[in-house]
Amino acid sequence: MIAAAQAPTGALSGAVTDPSKAVISGAVVTLKHKETGVERSATSNSDGAFVISNLQPGEYEIRAVQPGFKTYVASVTIQVGNTSNTEIGLEVGGQNESVVI
């Protein structure tokens, strides 16, 4: 029997919340690979959850935007075979304002 090779990718999952920890649906979460510039996006669902899969390993910039909230910016490392988990806390404000983590 031949075993299937593990895909050389990882994933990011998480939830988007406001300052009171209430979930935010409809937030756009974008990952940009710092080395290649490739971007992938997802939108948070009614539970505030999102998943972006089939990501090449490496360092990514993560951005989350939602009208009425400041843009969230942070870094995350994606590793082969792992799903990284992140909690994105958006702060009330304009999208032209950023919260860098």
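## An open sheet of three strands

Let's start with a sheet: three strands make an open one, in the order β4-β1-β7, and the pairing is mixed. At its edges sit β4 (49-55) and β7 (83-89), each of which pairs on one side only. On average, neighbouring strands here are turned by 20° against each other, direction ignored. (For that angle, axes are lines fitted to C-alpha atoms, for helices over the stretch in contact, and angles run from 0 to 180 degrees between N-to-C directions.) Strands here are DSSP runs of E with at least two residues, helices are runs of H or I with at least four residues, and both are numbered from the N terminus. Two strands pair if DSSP finds at least two bridges between them.

Strand β1 (residues 10-17) runs antiparallel to β4, and five bridges join the two. One pairing to look for is alanine 15, whose bridge partner in β4 is alanine 49. As background, strands of a sheet pair through backbone hydrogen bonds, either parallel or antiparallel.

## The model as a whole

What you're looking at is a predicted model, where local features need pLDDT of at least 70 and side-chain atom pairs count only at pLDDT 80 or more, while totals for chains, interfaces and linings use all residues. Residues are numbered from 1 along each chain as its sequence is written, and side-chain values use heavy atoms, with hydrogens and water left out. The pLDDT is the predictor's confidence in each residue, from 0 to 100. The chain averages 91, and 86% of the residues score at least 70. Confidence peaks in strand β2 (residues 28-33), at a mean of 98, and is lowest in β8, at 65.

How many helices and strands does the chain have? It has zero helices and eight strands. Of its 101 residues, 38% count as buried; buried means under 20% relative accessible area, exposed means over 50%, and partly exposed is in between (1.4 Å probe, protein chains only). Contact means heavy atoms within 4.5 Å. Among contacts between residues at least 6 apart in sequence, 59% join residues at least 24 apart.

## The β5-β6 hairpin

Now for a hairpin: β5 and β6 form one with five residues between them, and glycine 68 in the turn has a positive phi of about 90°. Strand β5 (residues 58-65) pairs with β6 in the antiparallel sense over seven bridges. Isoleucine 62, for instance, has alanine 74 in β6 as its bridge partner.

Is strand β6 (residues 71-78) largely enclosed or largely open? Six of its eight residues are buried, so the rest of the structure largely encloses this strand. Serine 75 also belongs to β6, but serine 75 is partly exposed, with a relative accessible area of 46%. Its side chain makes a polar contact with the side chain of lysine 34, at 2.6 Å. (A polar contact is a pair of N or O atoms within 3.5 Å; within protein, one must be able to donate a hydrogen and the other to accept it, and residues adjacent in sequence count only if both atoms are side-chain atoms.) The C-alpha atoms of serine 75 and tyrosine 60 are 5.7 Å apart, although the two residues are 15 apart along the chain.

## A buried serine

Next, find serine 44 in the loop between β3 (39-43) and β4. This serine 44 is buried, at 5% relative accessible area. A polar atom of its side chain lies 2.8 Å from the backbone oxygen of isoleucine 24. Leaving out residues up to four places away in sequence, serine 44 touches several residues, including Val16, Gly26 and Phe50.

## Two salt bridges

The structure holds two salt bridges, each a side-chain nitrogen of Lys or Arg within 4 Å of a carboxyl oxygen of Asp or Glu. In one, glutamate 61 and arginine 63 have their closest N and O atoms 3.1 Å apart. Glutamate 61 is partly exposed at 25%, and arginine 63 is partly exposed at 35%.

In the other, glutamate 91 pairs with lysine 70, with the closest N and O atoms 3.8 Å apart. Glutamate 91 is in the loop between β7 and β8 (98-100) and lysine 70 is in the loop between β5 and β6, so the pair ties together parts 21 residues apart in sequence.

## Two unusual backbone angles

Most residues other than glycine have a negative phi. Lysine 21 has a positive one of about 70°; this lysine 21 lies in the loop between β1 and β2 and is exposed, at 59%. Asparagine 54 has a positive phi of about 55°, sits in strand β4 and is exposed, at 55%.
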